[in-house]
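Please read through the fold shown below with me, beginning with its overall layout and moving on to the way its parts pack together.

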Amino acid sequence: MNNDMLLNFFESNINHKKLRKSRLKRKLTIDKVSEMTGIPHTTLQRYETGRTKNVPREAVKKICKVYGTDYEAYYIWTEFALFNLTGKKSPTSIGGAMN
């Protein structure tokens, strides 16, 4: 697998719901994040809704700098389900804290 294929894999596997949840947790508006990152408002909206499937790694890094999080935590491959004591699946994350 060459570097372009690997980069495409990562960029197309972003967890858009976690991006939005992190912004809301910090009580930031899309306009404020746009101002702080230089990423256009509409582009950020597309990232958060999943409308844009390939989110550039550099964009995720800019967003994470604002949120104070690790960019790797926003990729789908960092998630897996664990069983809790009741036997029910509960979502968790590897590669970073649930943000």
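The chain holds five helices and two strands, and, read along the sequence, these follow the pattern α-α-α-α-α-β-β. The model is a predicted one, and every value discussed here was computed from it. Of the 99 residues of the chain, 33% count as buried. Among contacts between residues at least 6 apart in sequence, 54% join residues at least 24 apart.

A convenient place to begin is helix α3, which spans residues 30-37 and whose buried residues are Ile30, Val33, Ser34 and Thr37. Seen down the axis of α3, these buried residues fall within an arc of 105°, so they line one face of the helix. The spacing has a general background: an α-helix has 3.6 residues a turn, so residues three or four places apart point the same way. On the other side of α3, Asp31 and Glu35 are exposed, whereas the buried residues of α3 pack against α2 (16-25), α4 (41-49) and α5 (57-67).

Helix α4 can be read in a similar manner, its buried residues being Thr43, Leu44, Tyr47 and Glu48. They cover an arc of only 135° around the axis, which puts them on the same side of α4. The partners of these buried residues of α4 are α2, α3 and α5. In α5, the buried residues are Ala59, Val60, Ile63, Cys64 and Tyr67. Because their arc around the axis is only 135°, they lie on the same side of α5, and the buried residues of α5 pack against α2, α3 and α4.

What do these buried faces build? The largest nonpolar core has 17 residues, and those with the most contacts inside it are Ile14, Leu44, Tyr47, Val60, Ile63 and Tyr74. The elements that give two or more residues to this core are α3, α4 and α5, and α5 gives the most, with five residues. In soluble globular proteins, nonpolar side chains tend to be buried together. Isoleucine 63 offers a view from within the core, for, leaving aside residues up to four places away in sequence, isoleucine 63 touches Leu19, Thr37, Ile39, Leu44 and Tyr47.

The packing of α2 on α4 deserves a separate look. Two packed helices are described by the angle between their axes and the distance between the axes. For α2 and α4 the angle is about 120°, and the axes are 6 Å apart. That angle makes α2 oblique to α4. At this meeting, His16, Lys17, Leu19, Arg20 and Arg23 come from α2, while Tyr47, Glu48 and Thr49 come from α4.

Within that meeting, which side chain makes a polar contact with the side chain of arginine 23? The partner is glutamate 48, at 2.6 Å, a residue that lies in helix α4. Glutamate 48 counts as buried because its relative accessibility is 9%, and buried here means under 20%. Not counting residues up to four places away in sequence, glutamate 48 touches His16, Lys17, Leu19, Arg20, Arg23, Ile30 and Tyr67.

The backbone just beyond several of the helices also repays attention. Glycine 38 follows α3 and has a positive phi, near 80°; glycine 50 follows α4, also with a positive phi, near 85°; and glycine 68 follows α5, where phi is positive and near 70°. Most residues other than glycine have a negative phi, and most peptide bonds are trans. Against that background, lysine 27 stands out, since its phi is positive, about 55°, although it is not a glycine. Lysine 27 lies in the loop between α2 and α3 and is exposed, with a relative accessible area of 76%.

A loop residue may equally be enclosed, and alanine 73, found in the loop between α5 and β1 (79-83), gives such a case. Alanine 73 is buried, with a relative accessible area of 1%. Alanine 73 also relates distant parts of the sequence: alanine 73 and asparagine 15 are 58 residues apart in sequence and 8.7 Å apart in space, taken from C-alpha to C-alpha.

Note on methods:
Residues are numbered from 1 along each chain as its sequence is written. Side-chain values use heavy atoms; hydrogens and water are left out. Buried means under 20% relative accessible area, exposed over 50%, partly exposed in between (1.4 Å probe, protein chains only). Helices (H or I, at least four residues) and strands (E, at least two) are DSSP runs, numbered from the N terminus. The arc is that of the directions from the helix axis to the C-beta atoms. Contact means heavy atoms within 4.5 Å. A polar contact is a pair of N or O atoms within 3.5 Å; within protein, one must be able to donate a hydrogen and the other to accept it, and residues adjacent in sequence count only if both atoms are side-chain atoms. A nonpolar core is a set of buried Ala, Val, Leu, Ile, Met, Phe, Trp, Tyr and Cys residues joined through side-chain atoms within 4.5 Å. Axes are lines fitted to C-alpha atoms, for helices over the stretch in contact, and angles run from 0 to 180 degrees between N-to-C directions. Angles under 35 degrees count as roughly parallel, over 145 as roughly antiparallel, 65 to 115 as roughly perpendicular and the rest as oblique.
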